[in-house]
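Biologist: I would like a close look at one part of this structure, and then at what surrounds it. Please keep it brisk.

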Amino acid sequence: MNKRINLLVFSGDYDKALAALILANGAKELNMDVTIFFAFWGLLILRDENKSALKRKSFFERMFSLFTPKGVENLTLSRMNMGGIGQKMLKKMMQDKNKPMLKDFLDGARKKGVKFYGCKLSQEVMGFSKEELIPEVEIIDVYEYLKDALESEIQLFI
Amino acid sequence: MNKRINLLVFSGDYDKALAALILANGAKELNMDVTIFFAFWGLLILRDENKSALKRKSFFERMFSLFTPKGVENLTLSRMNMGGIGQKMLKKMMQDKNKPMLKDFLDGARKKGVKFYGCKLSQEVMGFSKEELIPEVEIIDVYEYLKDALESEIQLFI
Amino acid sequence: MNKRINLLVFSGDYDKALAALILANGAKELNMDVTIFFAFWGLLILRDENKSALKRKSFFERMFSLFTPKGVENLTLSRMNMGGIGQKMLKKMMQDKNKPMLKDFLDGARKKGVKFYGCKLSQEVMGFSKEELIPEVEIIDVYEYLKDALESEIQLFI
């Protein structure tokens with residue numbers, strides 16, 4: 001049976017999302033099973049750039065949706081973001097070294113069959129409908145996360 | 001024997017504390033043994049709202065005590081806190097969906113028998129006396145944390 | 001065989017570096033094998049204070065090198081840093097209680113034989129040459145990190 005890694009991605013920062021998805025891609029290339037449980041700010045990583053459902057949202061949900069980044073390449077850095085300058089600088093440094101962008105690592109993970117879970121409670125509180133997220137996402141609760149984590153060799157909270 | 005989860009809660013952010021305590025409650029409901037080791041900012045989660053011991057503190061300890069939040073519902077968000085507006089907005093969104101607050105999850109964890117440990121070094125440095133923390137807390141050192149973590153199926157640093 | 005702990009240190013914050021190195025020292029004292037994989041901002045912890053190689057850097061690499069802290073005692077706090085005041089206050093509180101500083105825990109880990117790994121991708125993107133880092137560091141990729149983590153009893157993402 002394949003070894004398993006289970007990532008709980010709580011953060012919605014560009015750099016931490018990058019770390020999570022580099023780990024996910026790397027683990028898949030080593031023939032490991034990979035599940036990522038996106039909770040809280042982590043759900044921002046799963047937003048589908050081309051979809052939104054502002055009409056059906058409450059006032060706070062609409063505010064939240066408008067004031068948080070849409071599309072992974074617009075996520076901010078966990079530090080030195082400096083109003084976006086730091087993030088652009090990092091991306092430029094990655095391009096200079098011919099490294100893939102966050103979007104590429106996300107697409108790679110989707111293609112390689114990484115299992116994407118979204119946290120039910122977070123999704124309800126933030127008011128993101130399933131249609132606003134990338135189609136691979138399955139919404140599960142904390143019990144299902146824990147059961148999956150128990151069957152994994154590596155568990156990380158990112 | 002029950003499966004075990006061990007959480008090292010380093011953060012004192014409202015949202016991360018919420019994540020930790022939702023995991024703790026969920027694991028208990030799955031009949032798992034749960035221990036949380038609160039270190040550094042995480043100790044702020046354990047402050048008893050109704051107690052303080054300012055008189056016996058040094059100048060820096062008193063400053064630290066006064067400038068950090070007291071009572072879990074006053075913790076700040078890890079991002080989008082915006083001077084407290086973001087935190088209030090999140091709490092409003094949770095209430096709109098009839099979700100429990102952080103205080104409820106903390107109380108739930110206490111009632112369900114989650115084991116609360118406080119980090120000795122952090123407690124000494126920050127100058128929090130045991131009486132300022134909720135009564136369930138037992139103060140341990142890093143060796144005891146590591147031994148507990150070694151006996152657990154899941155370990156997370158939050 | 002010794003029990004193993006594997007830390008992925010993503011953060012370059014003073015307080016989180018402190019947590020990681022206290023865990024590393026404690027685990028070594030319990031006769032555990034300890035590996036730390038420093039990725040992203042974590043590489044800042046490994047910068048050798050006495051060396052730099054600004055001349056051979058690109059414009060962005062030079063900027064990055066100049067605007068990030070050099071030497072562990074200059075790292076900033078993950079919260080309440082307040083332009084360095086919070087960090088100085090924390091260090092004063094640690095000294096008042098006769099606790100070792102971050103530099104001491106780093107030196108302790110080096111002497112005790114903690115295995116230091118640096119992330120290849122991060123090192124290339126940030127433009128840190130191997131000579132700018134402390135000599136114990138070995139540069140590895142994500143696959144080698146994952147293999148090491150799979151053989152460890154405890155894995156944490158800090």
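Which residue's side chain does a polar contact join to that of Arg4(A)?

Modeller: The partner is Asp148(A). The polar contact between the two side chains is 3.0 Å. Keep in mind that this is a predicted model.

Start with where the arginine sits. Arg4(A) lies in strand β1 of chain A, which covers residues 4-9. Its relative accessibility is 17%. The cut-off for buried is under 20%, so Arg4(A) counts as buried.

Next, the neighbours. Leaving out residues up to four places away in sequence, Arg4(A) touches Met32(A), Asp33(A) and Thr35(A). Asp148(A) is also on that list of contacts. Glu151(A), Ser152(A), Glu153(A) and Ile154(A) complete the list.

One of these neighbours leads outward. Ile154(A) touches Arg4(A), and strand β5 of chain A spans 154-157. To see what β5(A) does, take the interface of chain A and chain C.

That interface draws 31 residues from chain A and 31 residues from chain C. The area buried there is about 2700 Å². Carbon and sulfur atoms give 77% of that area. Polar links are present too. The count between chain A and chain C is 9 residue pairs in polar contact, with both residues at pLDDT 80 or more. There are 3 salt bridges across this interface. Lys99(A) and Glu124(C) form a salt bridge, and their closest N and O atoms are 2.4 Å apart.

Now β5(A) comes in. On the side of chain A that touches chain C, β5 (154-157), α1 (14-29) and α3 (85-96) of chain A each supply at least two residues. Helix α1(A) gives the most, with 9 residues. By residue class, that side of chain A divides into 18 nonpolar, 3 polar and 10 charged.

Helix α1(A) also matters for the inside of chain A. The buried residues of α4(A) pack against α1 and against β3 (115-119) of chain A. Helix α4 of chain A covers residues 102-112. Its buried residues are Leu102(A), Phe105(A), Leu106(A), Gly108(A) and Ala109(A). Seen down the axis of α4(A), these buried residues fall within an arc of 160 degrees, so they line one face of the helix. After α4(A) comes Gly113(A). The phi of Gly113(A) is positive, near 85 degrees.

Chain C has another interface, with chain B. Here the contact takes 31 residues from chain C and 31 residues from chain B. The buried area is about 2600 Å², with 77% from carbon and sulfur atoms. Within chain C, Arg79(C), Met89(C) and Met93(C) lose the most area to chain B. Together they account for 23% of what that side buries.

The polar links between chain C and chain B can be listed briefly. The rule finds 8 residue pairs in polar contact, both residues being at pLDDT 80 or more. The salt bridges number 3. Glu61(B) forms a salt bridge with Lys97(C), where the closest N and O atoms are 2.5 Å apart.

The elements on the chain C side are α1 (14-29), α3 (85-96) and β5 (154-157), each with at least two residues touching chain B. Helix α1(C) has the largest share, 9 residues. That side of chain C holds 18 nonpolar, 3 polar and 10 charged residues.

Back to the arginine, then. Arg4(A) is buried, and its side chain meets that of Asp148(A) at 3.0 Å.

Terms used
Residues numbered from 1 in each chain as written. Chains lettered and ligands numbered in written order. Predicted model: local features only at pLDDT ≥ 70, side-chain atom pairs only at ≥ 80, totals over all residues. Heavy atoms only, no water. Contact = heavy atoms within 4.5 Å. Buried area = accessible area lost by both parts, 1.4 Å probe. Salt bridge = Lys/Arg side-chain N within 4 Å of Asp/Glu carboxyl O. Polar contact = N/O pair within 3.5 Å; in protein donor to acceptor, adjacent residues only side chain to side chain. Helix = DSSP H or I, 4+ residues; strand = E, 2+ residues; numbered from the N terminus. Nonpolar A, V, L, I, M, F, W, Y, C, P; charged D, E, K, R; others polar. Buried < 20%, exposed > 50% of the residue type's maximum accessible area, 1.4 Å probe, protein only. Arc of directions from axis to C-beta.
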